[in-house]
Amino acid sequence: MGHTILERIIALQKRTSNIRNLCILAHVDHGKTTLADCLVASNGIISSRLAGKLRYLDSREDEQIRGITMKSSAISLHYTTGEDEYLINLIDSPGHVDFSSEVSTAVRLCDGAIVVVDAVEGVCPQTQVVLRQAWLENIRPVLVINKIDRLIVELKLTSQEAFTHLQKILEQVNAVTGTLFTSKVLEERAEKDTGAPSSCPENSNGDQVYDWSAGLEETDDSDLYFSPDRGNVVFASAIDGWGFRIHQFAEMYSQKMGIRSSVLLKTLWGDFYLNLKAKKIMKGAQSKGKKPLFVQLVLDNIWSLYDAVVTRRDKEKVEKMVTSLGLKVMARDLRHSDPKVLLSAICSQWLPVSQAVLSMVCEKLPSPAEMSSERVEKLMSVGVRRFDSLHEKTQELKKAFLDCSADGTAPVIVFVSKMFAVDPKSLPQNKQRPLTQEEIAQRRELARQRHAERQTTNQSAETPGSPDDGGASIPSTPATNSVTDTLCAQTEALSVKAAVEDESKEHFVAFARVYSGVIRKGQRVFVLGPKYDPSLALRTLPEGCSVADELPAIPHMACCTVDRLYLLMGRELDELDEVPSGNVLGIGGMEEFILKSATISTSPACPPFTPLNFEATPIVRVAIEPKHPSEMPKLVRGMKLLNQADPCAEVLIQETGEHVLVTAGEVHLQRCLDDLRERFAKIEISASEPIIPFRETIIRPPKVDMVNEEMGKQQKVAVIHQVKDDQSKYPEGIQVDSTGLVILTTPNKMATVRVRAIPLPEQVTRLLEDNVEVIRTMEQFSTFVREGKTLDINQKILENIQDFKVKLESHLQGHKWRGAVERIWAFGPRRCGPNILLNSIESYRRPSIWQCLDQEKERPETLTFRDFDNSIVSGFQLATLSGPMCEEPLMGVCFSIETWDMNFQKDLVDKEPSTDTQSGSSVDCYGPFSGQLIATVKEACRYAFQAQPQRLMAATYTCEIMATAEVLGRVYGVLSKREGRVLHEEMKEGTDMFIIKAVLPVAESFGFADEIRKRTSGLASPQLVFSHWEVISSDPLWVPTTEEEYLHFGEKADSSNQALKYMNAVRRRKGLYVDEKIVEHGEKQRTLGKNK
Ligand SMILES: Nc1nc2c(ncn2[C@@H]2O[C@H](COP(=O)(O)OP(=O)(O)OP(=O)(O)O)[C@@H](O)[C@H]2O)c(=O)[nH]1
Ligand SMILES: [Mg+2]
């Protein structure tokens, strides 16, 4: 980059109110990177002819090949309008679901977003997701409706039809925003009603009117919607380089027609028409069958341009239009064989898209200095606590956030949202940079001096005996020369060595933003991990200490020196010395201290930022090993680097010793493997088939048997009898009655439990899954209470807990579940999973898990824990972690403990006369007895589970496929082959496309997208999003029992049992026993060749 531009950007970085940090968000392929190209071209970084074709921000090779973006990358642009000069820190994000975590890392660093929507496809699933993400981070969006050329060229709509179509799209987008907003407003209103003191949003700068997340009462909510007359919508075709806001046309026509531009602006988008006779703008174009203003004044112009240039190629007309618009088009472009070249040459002068988008961004999006206080509280990771319960020094920092001061005295606060690996060669310090004028002058001077010196030496060598020369100077000159030479050689050698070292080392740059203060090269800072607790640190650290002091070790806190600062320029980096508040930047040399994200501050009171909201669930896992076992260390190192470089990929070592990589989807997996092979490990690797997760559950006894016959009473008895026979396989000492109640005693006979497993209603399972965070908070609260500490939960979280409880009560109805919600003992596995442990013991009352809801109420003292309460819970946790079918976690199961008898006294009496080894009163809570109890409860739960009809649950994706009518049949073919189920199908209005929504088991999804693409010649491409767990209806443990079943199915069913197949595959992978006939037909075992 030229020095002048760099200097300009550095100067602009200091003017906080003229900075805009924004990201481009959209569904996959809606044209984000193409739009970014146009904006980049406006700064002369790439040629405007290449804009749209180059996709400059897709710097990876695979991004270019596949044509999708896989990472978010930033670039700084400047924009001048009138007097004002702005710095735009632009971040392009990927639209593919697999990379939605990259979107989260981008959104966090921005104050605004450009939401791009394809004019043909409209609002797609990912559009909704990104709007939600923008809303969750409280950033303000503006809209670009892109690819309008497709309406003209592909769909061949008339301008009138296009107007209706565009109106519909705008409605759709506003509907999504509306839903997000209303739920928020209702929530806040409820909060105000309860009178929570701290949660009312206060605003210090009175800018609430534009804050799309403040209360409805004080807010003009119309500003949250997109509307062309408000100037937050651009209509564009990024590929042809044009885009406009309606005010451009309003101004143009107000001069021409003498109508005030404000009037035109109000009426241009809407049901108005021009009455030429009365010289008036009238309402009701639709009902009167008139052309709406927007069609007449705006769209018709564009349509006729396309018609002349692309469709009819009418040279004369084009030339006429060019002159009437006052544009200059090069003769070369006029003659070009591709009409698109001429089109973009005309359009990019007439309505340059960069101008329209950048002016909208500067006008409508907030500067970093306008951050709302609500967003600050959210960022400051208040989490479940009340803001006012934080340490006062921490609370003071809120002001620093709001001020966004670039003053040297303000505390430095920086958030790193991801680490990305860069090629050491592209680092500015390793690159030869062009010299500045001064440097050139300096070098020239040096060279001149050296030359002069050499000449003098030569001269003096020629005249050795010259008496005029200072005696000392003659020998000293060569000596100094040789010294400088060796010095030079040394430094060169050093730098070569360093370069070699650098080559081998992977360089990471932190993707970050400064929220307060000025970060400088060489500055000492604290790096705070996500679990850092400022109040603990403030208690431990001496008053008024600073980063420079020798400090005691604090958990999750490290001190380091800022090594290098970079300006992010897409594919390039430029070195900076300091970066003031409000800017996006790259920080080098942090890889030792930061894994994926972190908070950097000079104040120990700074809390770690709230963790990023990741929408994608990492679900696809593969085991990885090197081709050559000796390269294992390289693989381990490579996986560590990959883990650091990708916000979403997880790397873990399973109990079996396998190295497992967990990714968000197939495309993501592919990219991670490529990265490992070519970049981080640089070795040949082999990846296993994807490991597919399952869940185990139980269902109510089926009413229909395998041959689809209703089970009469008689048969039921027969079946139950059969089940009972099965139970002979239970080991001795376990009693299972016909209703599935399991009675089990610990080996030392001190405790007996009775457990029953009950399937949870489906809604309850889903509710539990959705409320993991709520459950975790409750668990945290209970732990705090048990340890005698207190936790101030903020009002909103309390409401969520209350809400969760009410919903749970409403779903758990019927006599079986009477009072169940109050009796919940624990959730599992990992204390927050979708299974419930129920306390059905009449004599045992323990503190409720809902105790955080009635903190004020006096808790009756009688409710105390029995000893070993925890052992029962642990047993339950273990049982739910891996089920009996194939050791996968359980889901949707309720274990009801009906009795729990402890007979210490009896034990004492029995044993005392003979031995005095153990006595009940001295049993240690963590001694062997608790271990026995844990094991017993676990076993009892397992048997209780097995006493019910068991089923496997498969992870399912939902996918939306857009396809034209011709390929619809093929799409259905692929879906049904892969056990997919179509939920619904509809025709997209105004197009000939169908939208098919379907569910597909994850297990069958590998290669699905490719297959669809191949079968439909690339016309349909689905995106798979993890949605839920679904029970597989066939019984994996089914064996024919009745005569009819034998008759129908024989020894082995004709159609293979899908659930059994899955189960056996998992068991085989885990090295568990598989009950299969290995030799099916004895005679085939002969060696046929020798069969004479
Ligand atoms: N007809 C038409 N095509 C466009 C327009 N803008 C982009 N495209 C095409 O749409 C395709 C996708 O464009 P990208 O810019 O890569 O889309 P993206 O949103 O960045 O995609 P991801 O980053 O993968 O989510 C490319 O083939 C572009 O040429 C447009 O205005 N009109
Ligand atoms: Mg892209």
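**Surface and overall make-up**

I began with the surface of this predicted model, where the protein chain exposes about 53200 Å², 51% of it supplied by carbon and sulfur atoms. I then looked up burial and found that buried residues make up 50% of the 1092 residues in the protein chain. For secondary structure I noted 33 helices and 34 strands in the protein chain. Turning to contacts in the protein chain with a separation of 6 or more, I recorded that 75% of them join residues 24 or more positions apart.

**Nonpolar cores**

Next I asked which residues of the largest nonpolar core touch the most other members. In this core of 151 residues they are Ile114, Ile519, Ile587, Leu661, Phe895 and Trp900. I also noted a second, separate core of 62 residues, which includes Ala119, Leu131, Leu166 and Ile246.

I followed Ile519 further, leaving aside its neighbours within four places in sequence, and listed its contacts as Val412, Val414, Val514, Val562, Leu565, Asp577, Glu578, Val579, Leu585 and Ile587. Ile587 therefore appears twice in my notes, as a contact of Ile519 and as one of the residues that touch the most other members of the largest core, where contact is taken as heavy atoms within 4.5 Å.

**The magnesium ion**

At the magnesium ion (ligand 2) I looked for protein donors and found Thr33 (OG1) and Thr69 (OG1), lying 1.9 Å from the ion. Thr33 belongs to helix α2 (residues 32-41), whereas Thr69 sits in the loop between α3 (61-66) and β2 (73-81), so the pair ties together parts that are 36 residues apart in sequence. Are these two donors buried or exposed? Thr33 has a relative accessible area of 7% and is buried, and Thr69, at 7% relative accessibility, counts as buried too; the cut-off I applied is under 20%.

**Ligand 1**

Both threonines came up again when I examined ligand 1, which has 19 residues around it, Lys32, Thr33, Thr34, Thr69 and Asp149 coming nearest. A polar side-chain atom of Thr33 lies 2.6 Å from an oxygen atom of ligand 1. Through the backbone, an N or O atom of Gly95 lies 2.9 Å from an oxygen atom of the ligand, and a backbone N or O atom of Ile239 lies 3.3 Å from an oxygen atom of ligand 1. I recorded that the protein covers 84% of the 640 Å² of accessible area that ligand 1 has on its own. The elements giving two or more residues to the shell around ligand 1 are α2 and α6 (148-153), and the largest share, three residues, comes from α2.

Conventions:
Residues numbered from 1 in each chain as written. Chains lettered and ligands numbered in written order. Predicted model: local features only at pLDDT ≥ 70, side-chain atom pairs only at ≥ 80, totals over all residues. Heavy atoms only, no water. Core = buried A, V, L, I, M, F, W, Y, C linked by side-chain atoms within 4.5 Å. Buried < 20%, exposed > 50% of the residue type's maximum accessible area, 1.4 Å probe, protein only. Donors = N, O, S within 2.8 Å, 3.2 Å for Na, K, Ca; no water. Helix = DSSP H or I, 4+ residues; strand = E, 2+ residues; numbered from the N terminus. Areas by Shrake-Rupley, 256 points an atom, 1.4 Å probe, with all protein chains shown as cover. Near = heavy atom within 4 Å. Polar contact = N/O pair within 3.5 Å; in protein donor to acceptor, adjacent residues only side chain to side chain.
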